[in-house]
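Trainee: I should like to request a close look at one part of this model, namely its strands and how they are arranged in sheets. Please set out the pairing and the residues that accompany it.

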Amino acid sequence: MNSKRNKKEAEHQSAELKDKLQQATEAEEITKVDSSVTEETILEETNSELIQEAEKWKDIALRSQAEMENLRKRTQIDIEKANRYANISFAKDLLPVADYLAGAIDCAQKEIEKSKEAGTECDVFLINLLKGVEMTQKQLHTVFAKHQIQKMETIGLVFDPNLHKVIQEIEDDTKETGTIVQELQSGYTISGDRVLREAMVIVSK
């Protein structure tokens with residue numbers, strides 16, 4: 001009897017040990033699965049954070065590149081403007097020279113016309129002088145053109161306070177009020193968009 005009882009107890013204990021071993025094995029497998037899921041979740045979160053960080057720095061880099069390009073363009077425009085208008089002061093100093101040459105040519109031409117009208121022989125010196133002054137004026141106009149200095153056209157145009165300075169008004173019913181009928185001093189622009197000197201004019205009223 002004792003032997004059978006001992007045998008049953010041993011079998012019972014063995015069964016209990018098997019159950020405990022089975023439970024331990026299952027718990028270990030569950031732990032492994034949980035650990036694997038946790039590691040995968042951590043990797044996914046880390047990967048997502050790294051992608052977001054990379055996108056942020058990519059955006060910063062693109063913005064910086066765009067700002068540098070805009071700065072380069074603005075700097076280039078400023079340099080072009082500086083080069084374009086660097087000779088304004090010198091150009092203004094040359095304008096009286098153009099006035100004197102034009103005045104000398106006008107005066108010489110009038111003297112020559114008077115001689116022709118009077119039927120007298122023109123002074124050869126005066127004729128040669130006129131040719132020399134005209135050549136000088138032509139050369140000056142070539143320099144002006146090279147530096148984009150243009151003489152304004154005024155006669156027949158309507159007065160513009162940005163371009164013209166009215167010295168006198170005269171009665172003229174045949175023309176619209178403010179029409180320029182005479183130019184007393186030529187006006188000049190540089191590069192087509194900046195006034196070097198206003199034209200002094202007489203307008204109709």
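Mentor: The account below begins with the basis of the values and then takes up each sheet.

The model is predicted, so local features are described at pLDDT of at least 70 and side-chain atom pairs at pLDDT 80 or more, whereas totals for chains, interfaces and linings use all residues. Residues are numbered from 1 along each chain as its sequence is written, and side-chain values use heavy atoms, with hydrogens and water left out.

The protein chain has three helices and six strands, and along the sequence these follow the pattern α-α-α-β-β-β-β-β-β. Helices (H or I, at least four residues) and strands (E, at least two) are DSSP runs, numbered from the N terminus.

One open sheet consists of three strands in the order E1-E4-E5, with antiparallel pairing. Two strands are said to pair if DSSP finds at least two bridges between them. Strand E1 (149–151) and strand E5 (194–197) are the edge strands, each pairing on one side only. Neighbouring strands of this sheet are turned by 35° against each other on average, direction ignored. Here axes are lines fitted to C-alpha atoms, for helices over the stretch in contact, and angles run from 0 to 180 degrees between N-to-C directions. Between E4 and E5 the antiparallel pairing extends over three bridges, and Thr189 has Val195 in E5 as its bridge partner. Helix H2 (residues 88–118) lies across E1, E4 and E5 and runs at about 45° to E5.

Strand E4 also takes part in the one aromatic pair that the structure holds. Phe144 and Tyr188 form this pair, which is edge-to-face, with 5.8 Å centre to centre and 75° between the planes. Rings of Phe, Tyr and Trp (its six-membered ring) pair if their centres lie within 6.5 Å; planes under 30 degrees apart count as stacked, over 60 as edge-to-face and the rest as tilted. Because Phe144 lies in helix H3 (residues 124–146) and Tyr188 in strand E4 (residues 188–190), the pair ties together parts that are 44 residues apart in sequence. Both Phe144 and Tyr188 are buried, a term that means under 20% relative accessible area, with exposed over 50% and partly exposed in between (1.4 Å probe, protein chains only).

The other strands to consider form an open sheet of three in the order E2-E6-E3, with mixed pairing. Its edge strands are E2 and strand E3 (180–185), each pairing on one side only, and the twist averages 30° from one strand to the next. E2 and strand E6 (residues 199–204) pair in the parallel sense over six bridges; Val166 stands opposite Val201 in E6.

Two residues add detail to this second sheet. His164 belongs to strand E2 (residues 164–170) and is buried, with a relative accessible area of 4%. Leaving aside residues up to four places away in sequence, His164 touches Met152, Thr154, Val158, Phe159, Ile180, Glu198, Ala199 and Val201, where contact means heavy atoms within 4.5 Å. Asp172 is placed in the loop between E2 and E3 and counts as buried at 18% relative accessibility. With the residues up to four places away in sequence again not counted, Asp172 touches Val181, Ser204 and Lys205.

For the chain as a whole, buried residues make up 20% of the 205 residues. Of the contacts with a separation of 6 or more, 65% come from residues 24 or more positions apart.
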